[in-house]
Amino acid sequence: MSFLLSELATRFDLGLKGFPEAEIRTVASLQDAGKGDISFCTGRHHFSELEETKATAVILHPNISEQYQGNALLSENPLLAFSKIARLLHPEGRKPAGIHPSSLVHAEAFIHETACVAENVIIEKSVKIAAGCEIGAGSFLGEDTVIGEDTVLKNNITLHHKTVVGKDCILHSGCVIGSDGFGHAHEEGHWLPIPQLGKVVIGNDVRIGANTAIDRGTLGDTLIGNGVKIDNLVHIAHNVRIGDDTAIAACTGIAGSVNIGKRCTLAGQVGVVDNISICDDAHFTGQTAVRSNITDPGVYSSGVLLEETHSWLKNATRFKQLNLLFKQVRDLIKNRTDEAGSGQ
Amino acid sequence: MSFLLSELATRFDLGLKGFPEAEIRTVASLQDAGKGDISFCTGRHHFSELEETKATAVILHPNISEQYQGNALLSENPLLAFSKIARLLHPEGRKPAGIHPSSLVHAEAFIHETACVAENVIIEKSVKIAAGCEIGAGSFLGEDTVIGEDTVLKNNITLHHKTVVGKDCILHSGCVIGSDGFGHAHEEGHWLPIPQLGKVVIGNDVRIGANTAIDRGTLGDTLIGNGVKIDNLVHIAHNVRIGDDTAIAACTGIAGSVNIGKRCTLAGQVGVVDNISICDDAHFTGQTAVRSNITDPGVYSSGVLLEETHSWLKNATRFKQLNLLFKQVRDLIKNRTDEAGSGQ
Amino acid sequence: MSFLLSELATRFDLGLKGFPEAEIRTVASLQDAGKGDISFCTGRHHFSELEETKATAVILHPNISEQYQGNALLSENPLLAFSKIARLLHPEGRKPAGIHPSSLVHAEAFIHETACVAENVIIEKSVKIAAGCEIGAGSFLGEDTVIGEDTVLKNNITLHHKTVVGKDCILHSGCVIGSDGFGHAHEEGHWLPIPQLGKVVIGNDVRIGANTAIDRGTLGDTLIGNGVKIDNLVHIAHNVRIGDDTAIAACTGIAGSVNIGKRCTLAGQVGVVDNISICDDAHFTGQTAVRSNITDPGVYSSGVLLEETHSWLKNATRFKQLNLLFKQVRDLIKNRTDEAGSGQ
């Protein structure tokens, strides 16, 4: 498959600089690109690579188009333009429709004739799989699971009973959806599990990362909104609700009954304590501990900065006397003020 | 299945307020409850929901029973009472006994006739599965694995050779038990793996979360006590020992040869360095880094509080000068004292 | 299998103290060792166990050989010597060559006749598995995957298409290699996934832990160098490059396009932000947040020290006023200096 540069410009409504007939076949990074490749440059820190690239064309922001003398497509959002062109040039291969004979499908399950069920899949009673779905090898779909159109499940995935997944989703390998919430009542020093009677409901256009775990609700459901993107090894506890278009990076843990708004971003290893609410458009940098409600949009952080362990240990030790230090300084200031007063 | 409110009161030894003949069929949250539902209220922050609930009955602490005019069961521990009633009304469906023909069971394995082995399970030589167990689809049980009575393994679980699991346990999907410990000797700049010759021994009534990993011991065993509850995506390294009734929340990592006492709680994302001991009844809030022995029961934390990134960065930068600041303040105090002394 | 102590000394070039004819059959810890066992002691903190051990022989550093009157092998690196002896006495059982009939192998895949493919493995088109490999039950190998000689895959592993694994590697159960990178372009408030066109290339002698996830590159590849050791539940994002002999402990998360040098060590729960570089021989203690380039070898940390929650909260609250405190102290110092100046 190949396109003329002018065809790409027209199709994605981009500006064009240079030779319109240049033929584009694949995408590549600035360093690796050669003849037939289109690449992209998102900013100043890539100018040296831009200078040396052998790409047939580059996608650039109009503001920096002067930096580059070769063929270019111009976009206010070069990454987005690149992403669309990459999807055009490298369409994802879909597996052919049909159920592999090694898979075990319950007689009362419904699988659309255009769906693909790969090897060694287990599909229990009353499961519904819509048109265009792909269910990867080794996956398990518990009773009453429902999968919307064109959703892809990769390999060795577990969806527990009653899980609902919307359309156009992608669930990566090893994820577990609908495991029991971690809820226990205390009884004479022991923990008695609380029955977990809810389910997990996932919207449309959602991405779930590899080996991520999402627990079912205790009463009521765990809800993942439309357009939510979740990275690898993320934990989402029972009854969490995540608003549309929120993105959650790897190794983040969200405790029970947390409400997260729309368009939030949680960077890697963020932790959120149970039973709090986070408003729309709140953003958290990596490893931030969110211990209370967030009511204002903004960017939030916690933690301290890395330093050499030798000096860090001194500072970290001092941290335990920080409140004391504040008192000492307050006294010093008070004394000064008293003196200044008495000196007058 | 349904019960009269008075039957529930008698069976679980609870106080009763209101109409004893009220018929209870299911449990629900205060918001979602309707006719035939019983709900519960654990405290003040749910009073507004309590006021508006349409539940047929609510479980309450006697201290707050005045807050509610409807039918109520009274308990010192409403969550526990709720949990017991929920288990009664919504008993877990057990799968029928038998070995699915797609599973591969070694001729020298023993599987009790009342146990259920689901689809595509691999059971190696000398495995022993006791009465009432359920082994979920896609799981692998290595040689000499032993599973106690009524233990449930969910799906796509891996138990490596010689793992011992007690009775009444539940292991959630995707967990890996008995993987090699991360132990290496240094040899001329390279890492030589140390053979991991021990195993994992799990007590009775233990819960292991989805995609959690527990490594086998290097010499001697990794030991998980009775009643221990472990959440999703937890890492437990070689030769860790965890005392009875300790609970460990998601994304926590425990390094090698750590000893944790009884009845401890570790919240989410806690980290514990290797070769330390934690006494009984120690509790750790989320993301706490435990870097040395804990010898006294209590509640422990580390980390700093979240704030807007803009101001956080200023404070976090200052942290690196904290020890210096202490010296400056010490000098200021010393100077003051000297002056005060010389002034006399 | 058994060896005389003198045979072990000769084979591994170790000093010998005591009875050369002592017969050694197994390894054990100092506490558990008995007749026929060899153990080891790495330092002072094990002297009490050394005193009481019933081991037939102990491996010691020459510096501490005076501490022990029994049979001993002497080594500058007792752990390394122990590790080699353990490997000799307890060789890993390899599974017999051959493809289990339950596995589904594509007609155009190549599997060396000395390799073992266990139960329920799925092997897609053009996969190549070299001599001496072991592919554990329930694993999935996508199209064009290549596995080098004597590499072992444990159970329920997913290798996505085009993954390359070197020789002598071990991949632990549940790991996912080659999942899509977490890359999205922003389009009117929604996230559009960027096609992930690269792959994962893993060197020789690499260890990947249980339930670890390594994403494929977006453009270009994710590269894991020779001799790299990765623990359980680690996340490695798209286009990360890890230098030879670096070791990464459990629950660590490494964001996209990070470059890590050779011989680094990252302890548990370390987090590394995207697009930074870490030089060779850099070491990070547990939970360290690495937010910028590391250009000098050394040991680095972040975080604060644990304390009782009651006092911690006071100090953590004060942290938010830390920059203010610095200003106050600067003013106090300035005032003092001014006074001292004016006093002269």
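Which residue is the bridge partner of A:Tyr300 in β40(B)? That partner is B:Glu308. Keep in mind that this is a predicted model.

That pair belongs to a bit of strand pairing across two chains. β39(A) and strand β40 (residues 307-308) of chain B are joined by two bridges, and the strands run antiparallel.

Now step back to how the chains are arranged. Here is what happens when chain A is laid on each of its partners:

| Superposition | RMSD | Turn | Shift along the axis |
|---|---|---|---|
| Chain A on chain C | 0.0 Å | 120° | 0.0 Å |
| Chain A on chain B | 0.1 Å | 120° | 0.0 Å |

With that turn and shift, chains A and C are thus related as by a three-fold rotation axis. Which residue of chain A comes closest to the rotation axis? A:Gly303 does, with its C-alpha at 3.5 Å.

Back to where chains A and B meet. Here 59 residues of chain A are in contact with 59 residues of chain B. On the chain A side, several elements each supply at least two residues, among them the strands β21 (176-179), β22 (184-187) and β23 (190-193), along with β39 (298-301) and α4 (309-319). Which element of chain A gives the most to this side? It's α5(A), with five residues. As for the mix of classes, the side of chain A that touches chain B has 29 nonpolar and 24 polar residues, plus six charged ones.

So β39 turns up twice: β39 of chain A supplies at least two residues of the side that touches chain B, and β39(A) is joined by two bridges to β40 of chain B.

Technical notes:
Residues are numbered from 1 along each chain as its sequence is written. Chains are lettered from A and ligands numbered from 1 in the order in which they are written. This is a predicted model: local features need pLDDT of at least 70, side-chain atom pairs count only at pLDDT 80 or more; totals for chains, interfaces and linings use all residues. Copies are superposed by least squares on the C-alpha atoms of residues with pLDDT of at least 70 in both. Two residues are in contact if their C-beta atoms, placed from the backbone, lie within 7 Å. Helices (H or I, at least four residues) and strands (E, at least two) are DSSP runs, numbered from the N terminus. Ala, Val, Leu, Ile, Met, Phe, Trp, Tyr, Cys and Pro count as nonpolar, Asp, Glu, Lys and Arg as charged, and the others, Gly among them, as polar. Two strands pair if DSSP finds at least two bridges between them.
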